[in-house]
Number of protein chains: 2
Amino acid sequence: MLNPTAVTRSSNRSAGNAERAAGFPARGNRGAVTVREAARTAARCSSCSMRQICMPQGLSAQELPKLETLICSARSVPRGEALYRSGDRFDSIYALRSGSMKTVMVHRDGREQVTGLRLAGEPLGLDGISADVHACSAVALEDSTVCIVPYGALKLLCREIGSIQERMHKLLGAQIVTEAAQMMVLGSLSADERVAAFLLDVSQRNAQRGYSWSEFNLRMTREDMGSYLGMTLETVSRTLSRFQKRGLIDTQGKHVRIVDLEGLRQV
Amino acid sequence: MLNPTAVTRSSNRSAGNAERAAGFPARGNRGAVTVREAARTAARCSSCSMRQICMPQGLSAQELPKLETLICSARSVPRGEALYRSGDRFDSIYALRSGSMKTVMVHRDGREQVTGLRLAGEPLGLDGISADVHACSAVALEDSTVCIVPYGALKLLCREIGSIQERMHKLLGAQIVTEAAQMMVLGSLSADERVAAFLLDVSQRNAQRGYSWSEFNLRMTREDMGSYLGMTLETVSRTLSRFQKRGLIDTQGKHVRIVDLEGLRQV
DNA sequence: CGGTGGCTTGACGTCGATCAAGACATGTGG
DNA sequence: CCACATGTCTTGATCGACGTCAAGCCACCG
């Protein structure tokens, strides 16, 4: 399951744009890694996509090399293309290194709904674990890159290293909670409240990754947002316009600036 | 983390009503368990709540005793009471042995929404893994009993026994997929479609557990159903009445009989 | 340049929420 | 046993939030 050549590939890749964007350190000096260095690396990796999964923090020196066998290969996904599709066999999970993606589920009658938005640093593909087949499709909202984490290898590593097992469980658990919260949004909130909740969610996740909470690009179309929020694109558009008139936000197209955070929190 | 006294408690408990209902075998003869017996036990346990978690199938003889250290204690929860509440510290997951429960999430403004329905045999408490604090409350819809599975012990066992780790991952993954499907229901379906989908879901889960797919008691109130499906209790009631007039179902109060399964599938 | 996809805004219709009343079941105390 | 309160369910009447349909604008791109 482990793929040693992939490590080499990863190490040899030069730090391109995507690399910088995600804050990845160069990873050529494998033998010389110390615990202290690892800690520093982890700090530099505040927006690093592997942070959620690999969690270098708290690992002993001899555990780190094992960890490296996991970070196998990367893959870039052009805007509009699918990282995986509903029905594909599941064999890896992914860490979004740069860009953003949506996850989409299709009803048997063909209707499709956006079930999630993933920003850089967030995991993808967990929907495949239960049935060995992906339940959703993951589509890039912009040119994106992912780390590929072979599930088989990850499982083995979970058994060897408790902190990785822990992180894996928390990752899965976090998605469960996130989705429950979204069920709450869809089931209980008005259109205005849904849009506000969505903007606040993205804002907060941006902040967590060290970016601006007040200003960002929403790569989703109005239609995607509507689908995700259980409403039509027209209602999304109207709601955003109304928010703007009320002085809560400032939008032009996909660019959003949050003007009155507290106002947005109060519906 | 393991609690040996709990095992004793469990072993000493006599097989009461709840015990029979869930099809649990007596568990006094620990030393004498053989693989063959375990297989038979697993078969008898088709509706057993531990089946999802413990998965005796496929374990070797020396693994079984370890397994038994996990099945620790039981707890009964009277109708209307909470197994755990949102905000409680997380330290165990649960397997619903008999009865049924709802999971409820509360918005900060006080509005609350039913986020899940659990029938006998299904897991509970996974919402606590990510933050070590429960994100939902679990409330019994009728007098119910659960198995308590200490999470710390379960984690250790996952590292020892691959098949348990596998089962744990699948359990978490299944909840992710289930919730995504419910997001789809809430986001894309009409009121009629939601109610139909809900009835079909319960019917199918009943069938899976060896009960009738065509006839069952919904312990939820109309209000609970409405909350779960993102609509008001009046709309739920009207929809059920209309289904009845159309000859799709036959309901009186909480008792539901599905008359025309195919018709129900077609909205 | 025309074509296309995305966004906005308006007019109108409808599905489901809200308000209200009454039926029915269940439980509790007298 | 009844009287009464309480919770649940059903059904009707009305209203409003949001969907639908339609038109026009803009940015982008071949």
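A polar contact, as I use the term today, is a pair of N or O atoms within 3.5 Å. Here is one case: a polar side-chain atom of R238(A) lies 2.8 Å from a base nitrogen of DNA strand C. That pair falls within the cut-off, so it counts as a polar contact. Please keep in mind that this is a predicted model.

I will start with the two protein chains, then go to the DNA.

In general, two copies of a chain are related by a rotation about an axis and a shift along it. For this model, a turn of 180 degrees and a shift of 0.0 Å along the axis lay chain A on chain B, with an RMSD of 0.0 Å. The two copies are therefore related as by a two-fold rotation axis. Which residue of chain A comes closest to that axis? R159(A) does, with its C-alpha at 2.2 Å. The surface used is the same in both copies: 100% of the contact residues of chain A recur in chain B.

Now the contact between the chains. Chain A gives 46 residues to the contact, and chain B gives 46 residues. About 4200 Å² is buried between chain A and chain B, and carbon and sulfur atoms give 59% of that area. Which three residues supply more of the area that chain A buries than any other three? They are R159(A), I176(A) and M183(A), with 18%. R159(A) has now come up twice: once for the axis, and once for the buried area.

There are also charged pairs. Across the interface of chain A and chain B the rule finds 6 salt bridges. E166(A) forms a salt bridge with K155(B), and their closest N and O atoms are 2.4 Å apart. As for polar contacts, the count between chain A and chain B is 25 residue pairs.

Which elements of chain A give two or more residues to the side that touches chain B? They are β4 (100-106), β5 (112-119), α6 (151-160) and α7 (162-188). The largest share, 21 residues, comes from α7(A). By class, this side of chain A has 20 nonpolar, 13 polar and 13 charged residues.

Next, the DNA, beginning with strand D. It is surrounded by 16 residues, and the closest are T235(A), R238(A), R222(B), R238(B) and S241(B). Of the atoms of DNA strand D that come within 4 Å of the protein, 61% belong to sugar and phosphate. The bases are reached as well: a base oxygen of DNA strand D lies 2.7 Å from a polar side-chain atom of R238(A). A side-chain N or O atom of E234(A) is 3.2 Å from a base nitrogen of that strand. On the phosphate side, a polar side-chain atom of S237(B) lies 2.9 Å from a phosphate oxygen of DNA strand D. Two elements give two or more residues to the surface near DNA strand D: α10 (233-245) of chain A and α10 (233-245) of chain B. The largest share there, 5 residues, comes from α10(B).

Last, strand C. Of the 16 residues around DNA strand C, those that come nearest are R222(A), R238(A), S241(A), A191(B) and T235(B). Sugar and phosphate make up 63% of the strand's atoms that come within 4 Å of the protein. A backbone N or O atom of A191(B) lies 2.8 Å from a phosphate oxygen of DNA strand C. And which element gives the largest share of the surface near DNA strand C? That is α10(A), with 5 residues.

Terms used. Residues numbered from 1 in each chain as written. Chains lettered and ligands numbered in written order. Predicted model: local features only at pLDDT ≥ 70, side-chain atom pairs only at ≥ 80, totals over all residues. Heavy atoms only, no water. Least-squares fit on C-alpha atoms with pLDDT ≥ 70 in both. Contact = heavy atoms within 4.5 Å. Buried area = accessible area lost by both parts, 1.4 Å probe. Salt bridge = Lys/Arg side-chain N within 4 Å of Asp/Glu carboxyl O. Polar contact = N/O pair within 3.5 Å; in protein donor to acceptor, adjacent residues only side chain to side chain. Helix = DSSP H or I, 4+ residues; strand = E, 2+ residues; numbered from the N terminus. Nonpolar A, V, L, I, M, F, W, Y, C, P; charged D, E, K, R; others polar. Near = heavy atom within 4 Å.
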